[in-house]
Amino acid sequence: LFSMLLEFEARHMLSVLEQAAIPGLLLKGQAIAQWAYPDPSLRTSGDIDVLVATLDAANTLARHLCEAGYELSQPSGDRFVQEMMLRREVTPSVWVEIDLHWGVINSYLFSKRFTFDELMAESIALPRLGANARGLGPAHAFIHACMHWAATLAVGAEIRLKWLYDIPAFAKVFSATDWQRLEQLAVERGLAGVCLGMIETSRATFGADFVAVPDLLIAALREAARHESLDVTRLRDWRYMQVQAFLAQPTARLRARYLWQRLWPSRDYMAYLYGR
């Protein structure tokens, strides 16, 4: 029933996107469920994640969604967070949440690895949800799942079983071309170790035979990971990850901005975390 509710809300959100003439991409469970699983209800989701190109586009979409019955539960701002959350009450005990992103992942360590335009160029249609419904292409969706896994470990949060199960689900539907594109992107963007880490965690959970990822891909990722700066075995080391995120900023100005926002977060963000 909740899956049906989220699907209805996703269609509603997509209609708001279309009316506002804002390009968007569905992320994570709501998108993956449409093509990587035999039936969308088999991939549960807790919310709806959508990616837009810029913070301005996110603010515009948020305004339209608030006019359509949502309320802003986590505001945006010039800070290290690259998402805002909106909620709508369905019943006193049931809320629907939309996570509105303007970075492909809410982590400064990974958010600049892909641009919105390149993700949109390789995106796929999700016709069940609407004429303008699009999700990440297979290789990008796989890598996004791995970045999300790594970013979740980095903040010390719980890894959910359904995220690990996405890997064998991808493996069942990937073509040879999809695997080749995945290898190319993972190596090119310095994400081989991240992808390898999630694949190995999934295989340890479900068994190597069940998680049918090609051995040649694993070998290529393992070799490339040896030359990457990020040590995936230290994802839960908070200090190490803060240093890595700082070093990932391409200019001195962005590094200074990152430090400023970490040391002096916006008032709205602090109020969201700790209450007014």
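This passage describes the confidence, the nonpolar cores and selected residues of a predicted model.

The protein chain has an average pLDDT of 90. A score of at least 70 is reached by 97% of the residues. Confidence varies among the elements of the chain. The highest mean pLDDT, 97, belongs to α7. The lowest, 76, belongs to helix α12, residues 267–274. Where pLDDT is low, predicted coordinates should not be read in detail.

In soluble globular proteins, nonpolar side chains tend to be buried together. The largest nonpolar core of this model holds 55 residues. Phe110, Phe142, Ile143, Ile167 and Phe170 touch the most other members. At least two residues of this core come from each of β1 (25–27), α4 (116–121), α5 (138–154), α6 (161–173), α7 (176–188), α8 (192–206), α9 (215–225) and α10 (238–248). Helix α5 gives the most, with 12 residues. A second core is separate and has 29 residues. Met13, Val96, Ile98 and Leu126 are among them.

Ile167 illustrates the contacts of one core residue. Residues up to four places away in sequence are not counted here. Ile167 then touches Phe142, Cys146, Met198, Ile199, Ser202, Val211 and Val213.

Thr152 lies in helix α5. Its relative accessible area is 8%, so Thr152 is buried, the limit being under 20%. Beyond its neighbours within four places in sequence, Thr152 is in contact with Ala157, Glu158, Ile159 and Trp163.

Gln82 sits in a loop, between β3 (71–74) and β4 (83–91). Gln82 nevertheless counts as buried, because its relative accessibility is 4% and the limit is under 20%. Its contacts, leaving aside neighbours within four places in sequence, include Leu100, His101, Trp102, Gly103, Ile105 and Asn106. Ser107, Tyr108, Ser111 and Lys112 are also in contact with Gln82. Gln82 and Tyr108 are 26 residues apart along the chain. Their C-alpha atoms are separated by 8.5 Å.

The surface also carries a nonpolar feature. Leu259, Trp260, Leu263 and Trp264 make a patch of about 500 Å². Trp260 belongs to helix α11, residues 252–263. The relative accessible area of Trp260 is 54%, so this residue is exposed, the limit being over 50%. Trp260 on the surface thus contrasts with Gln82 and Thr152: Trp260 is exposed, whereas Gln82 and Thr152 are buried.

Notes
Residues are numbered from 1 along each chain as its sequence is written. This is a predicted model: local features need pLDDT of at least 70, side-chain atom pairs count only at pLDDT 80 or more; totals for chains, interfaces and linings use all residues. Side-chain values use heavy atoms; hydrogens and water are left out. Patches are made of residues with over 30% relative accessible area and no salt bridge: like charges are joined within 9 Å, nonpolar side chains (Val, Leu, Ile, Met, Phe, Trp, Tyr) within 5 Å. Accessible areas come from the Shrake-Rupley method with a 1.4 Å probe; for residues, only the protein chains shown count as cover. A salt bridge is a side-chain nitrogen of Lys or Arg within 4 Å of a carboxyl oxygen of Asp or Glu. Helices (H or I, at least four residues) and strands (E, at least two) are DSSP runs, numbered from the N terminus. Buried means under 20% relative accessible area, exposed over 50%, partly exposed in between (1.4 Å probe, protein chains only). A nonpolar core is a set of buried Ala, Val, Leu, Ile, Met, Phe, Trp, Tyr and Cys residues joined through side-chain atoms within 4.5 Å. Contact means heavy atoms within 4.5 Å. pLDDT is the predictor's confidence in each residue, from 0 to 100.
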